[in-house]
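The following paragraphs offer a guided reading of the structure shown here. They proceed from individual side-chain pairs to helices, single residues and a pocket.

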2 protein chains.
Amino acid sequence: MTNPAEIEAAAARIQGHVQRTPVMTSTALVPGTDVDLKLEHLQHTGSFKARGAFNSLLSSQVPDAGLVAASGGNHGAAVAFAANALGHKAQVYVPEMAGPAKIALIERCGAALTVVPGEYVNALEAARDYEARTGAQQIHAYDAPATVAGQGTMMREWEEQGLAADTVLIAVGGGGLIAGALAWLQGRRKVVAVEPETSCALHAALRAGAPVDVSVSGVAANALGARKIGQICFDLAVSQEAASVLVSDKAILTAQTLLWQSHRLLVEPAGATALAALLSGAYTPAPGERVAVLLCGGNVAPDPLS
Amino acid sequence: MTNPAEIEAAAARIQGHVQRTPVMTSTALVPGTDVDLKLEHLQHTGSFKARGAFNSLLSSQVPDAGLVAASGGNHGAAVAFAANALGHKAQVYVPEMAGPAKIALIERCGAALTVVPGEYVNALEAARDYEARTGAQQIHAYDAPATVAGQGTMMREWEEQGLAADTVLIAVGGGGLIAGALAWLQGRRKVVAVEPETSCALHAALRAGAPVDVSVSGVAANALGARKIGQICFDLAVSQEAASVLVSDKAILTAQTLLWQSHRLLVEPAGATALAALLSGAYTPAPGERVAVLLCGGNVAPDPLS
């Protein structure tokens, strides 16, 4: 299981390749209450995924055939960006639901791109086929130790920046980010996993006692729509006793609008999902409990400047 | 002339009313170079203007007739927000060029709003007429000591956050923000005033030796389109030897796109104007000179979530 030493090593490895993202304490989102935010959506390629991608590439011997990834969009963009920065070629498979904004982003990052009909899992099959055919290295979006250790550097950085909160709310798709946070924190702070009601692989797994297949849909599906939670995440969520809550698509869109109207923070629905738990009451802090919310992705569609 | 003690007093006065805005060091905007950013566009109502508005209201006895302001949009929103927070009524006059996004923002902040045909100066005339008629208190957008002292708290905060740069680039409209920065810094760092070629009241004043009328147009006109630079700003720009450079509308839009594509920072054209000077070469740092760029406004049109 990923541990703090691996995350320390990842942080040293990726330093200079990823953006140190800013933090702020909002007094406007919940009037009269301090809410700590980390603006991880300002990361290279607009999500935390750059951390795991750089750590994966820098901790392995990339073959001449290059890299392959399957992605709802954000992981693919991160792999494309990291590959380009480090001089490797990359092939990315995305499902149609990735949408034109994320597809354009991946192309801007210089990767070869194939759009696959269906969901994330169909893109993953295509990527595995390419891997078998060419010898390219597969970079898994969430369920691989190097990916999780890379994502864990976000939580390490946040603590280094003086995080005050008792409790951290994090949106969950396949679970790479929250797994990294749980592995780093080792129970020092409470971690709340927030998932859309329409894409809740971790919640379903915790109820079932093991990762199970779920159907995925809704406004955040292209970022959070993993059909099955990663085993690494599941094991850490159980051992570290992560809380698990669900939010509606409507609550996600309300949170997205509030972030824009209160702070000119423009995030994609997945990026507003953790905040939605606080605003909707899906997670209610105890009196005096200070809460932090991670903003994990900013790749909205349509592109606001197009 | 505004001095550091007045800015210290303003900072104490407005603390808790304004947002402490985050800072970051970008390595992506100018590849291989650290550029310090302050994300002041994440301030309440999407621009630094909230600082001057709160300081003005909190340092005076507001009459029962309330407040009146003329504004290209951002100052009006800030006055409306501060008035609402402090329990005063507010009347805001904006020129048509403010545009629907800023007009909607002012209305959301709870002010009475009148849209005036023409430019900022026409809105200012209407506001002066209302002031004379009703006894409402006029909050000037930039050329008043309390406004300048309030805006100066931005630079004070940035230094408190550990600003490393030798040189700070700031966009200039009427000059309230840069005046506050110059008054705070007292020559400790170089300050570069950046204006659009199409709205350059400070540049024209420095050439003429006194504030003069200029025509205003272009992509940033509703935020930077002051017809004449404020006297407070002019005096400080001369005494503190601010540099003055101009950028094209095209350079502004290029900088705006780069901020979005590199960092998911969505700013209005005025908010990208300072960066445009660095990217276009209008300002070229000396070898080893570290540069900081202030992002001053985020009220883009159209609203990206509408």
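In this predicted model, the side chains of Arg290(A) and Asp34(A) form a salt bridge with an N to O distance of 3.7 Å. The two partners come from distant parts of the chain, 256 residues apart. Arg290(A) belongs to the loop between α12 (269-280) and β10 (291-295) of chain A, and Asp34(A) to the loop between β1 (23-26) and β2 (35-39) of chain A. Arg290(A) has a relative accessible area of 25% and is therefore partly exposed. Asp34(A), at 35% relative accessibility, likewise counts as partly exposed, because the partly exposed class runs between the limits of 20% and 50%.

Over all chains, the structure holds 26 salt bridges. In general terms, side chains of opposite charge can pair when their charged atoms come close. One such pair in chain B is Lys102(B) with Glu268(B), whose closest N and O atoms are 2.6 Å apart. Lys102(B) lies in helix α4 (residues 99-108) of chain B and Glu268(B) in the loop between α11 (249-263) and α12 (269-280) of chain B, so the salt bridge ties together parts that are 166 residues apart in sequence. Both of these residues, Lys102(B) and Glu268(B), are buried.

A further salt bridge joins Arg189(B) and Glu159(B), with 2.7 Å between the closest N and O atoms. Here the linked parts of the chain are 30 residues apart: Arg189(B) sits in the loop between α7 (176-185) and β8 (190-196) of chain B, whereas Glu159(B) is part of helix α6 (residues 145-160) of chain B. Arg189(B) and Glu159(B) are both buried. In chain A, salt bridges also form a network, which links Glu8(A), Arg20(A), Arg156(A) and Glu160(A).

Attention now turns to two helices. How many of the residues of helix α7 (residues 176-185) of chain A are buried? The count is 10 of the 10, so the helix is largely enclosed by the rest of the structure. Its buried residues include Leu177(A), Ile178(A), Leu182(A), Trp184(A) and Leu185(A), along with glycines such as Gly176(A) and Gly180(A). These buried residues pack against α1 (4-14), α6 (145-160), β7 (167-171), β8, α10 (231-239) and β10 of chain A. Just after α7(A), Gln186(A) adopts a positive phi of about 50 degrees.

In chain B, helix α2 (residues 49-58) is mostly covered, with 9 of its 10 residues buried. Among the buried residues of α2(B) are Lys49(B) and Arg51(B), as well as Phe54(B), Asn55(B) and Leu57(B). The packing partners of the buried residues of α2(B) are α1 (4-14), β2 (35-39), β3 (67-70), α3, β6 (137-138) and α6 of chain B.

Two single residues may be considered next. Gly271(B) is located in helix α12 of chain B. Its relative accessible area is 0%, and Gly271(B) is therefore buried. Leaving aside residues up to four places away in sequence, Gly271(B) touches Leu259(B), Leu294(B), Leu295(B), Cys296(B) and Gly297(B). From Gly271(B) to Gly46(B), the C-alpha to C-alpha distance is 10.0 Å, with their positions 225 residues apart in sequence.

Thr198(A) is placed in the loop between β8 (190-196) and α8 (201-208) of chain A. Is Thr198(A) buried or exposed? With a relative accessible area of 25%, Thr198(A) is partly exposed. The contacts of Thr198(A), not counting residues up to four places away in sequence, are Ser215(A), Val216(A), Ser217(A), Gly218(A) and Asp249(A). Thr198(A) and Leu105(A) are 93 residues apart in sequence, and their C-alpha atoms are 25 Å apart in space.

The second largest pocket has a volume of about 400 Å³. Of the 18 residues that line this pocket, Ala28(A), Gln261(A), Ser262(A), His44(B) and Phe81(B) lie nearest its centre. At least two lining residues each are supplied by α11 (249-263) of chain A and by α3 (74-86) and α4 of chain B. By character, the lining divides into 8 nonpolar, 9 polar and 1 charged.

Finally, the confidence scores bear on how this model is read. Chain A has a mean pLDDT of 96, and 100% of its residues reach 70 or more. The model as scored has ipTM 0.94 and pTM 0.95.

Conventions:
Residues are numbered from 1 along each chain as its sequence is written. Chains are lettered from A and ligands numbered from 1 in the order in which they are written. This is a predicted model: local features need pLDDT of at least 70, side-chain atom pairs count only at pLDDT 80 or more; totals for chains, interfaces and linings use all residues. Side-chain values use heavy atoms; hydrogens and water are left out. A salt bridge is a side-chain nitrogen of Lys or Arg within 4 Å of a carboxyl oxygen of Asp or Glu. Helices (H or I, at least four residues) and strands (E, at least two) are DSSP runs, numbered from the N terminus. Buried means under 20% relative accessible area, exposed over 50%, partly exposed in between (1.4 Å probe, protein chains only). On a 1 Å grid over the protein atoms alone, a cavity is a set of points where a 1.4 Å probe fits but cannot get out, and a pocket is an open set with protein on both sides within 12 Å along at least five of seven lines; lining residues have an atom within 4 Å of a point. Grid points are joined across faces, edges and corners, and a volume is the space filled by probe spheres set on the points. Ala, Val, Leu, Ile, Met, Phe, Trp, Tyr, Cys and Pro count as nonpolar, Asp, Glu, Lys and Arg as charged, and the others, Gly among them, as polar. pLDDT is the predictor's confidence in each residue, from 0 to 100. Contact means heavy atoms within 4.5 Å.
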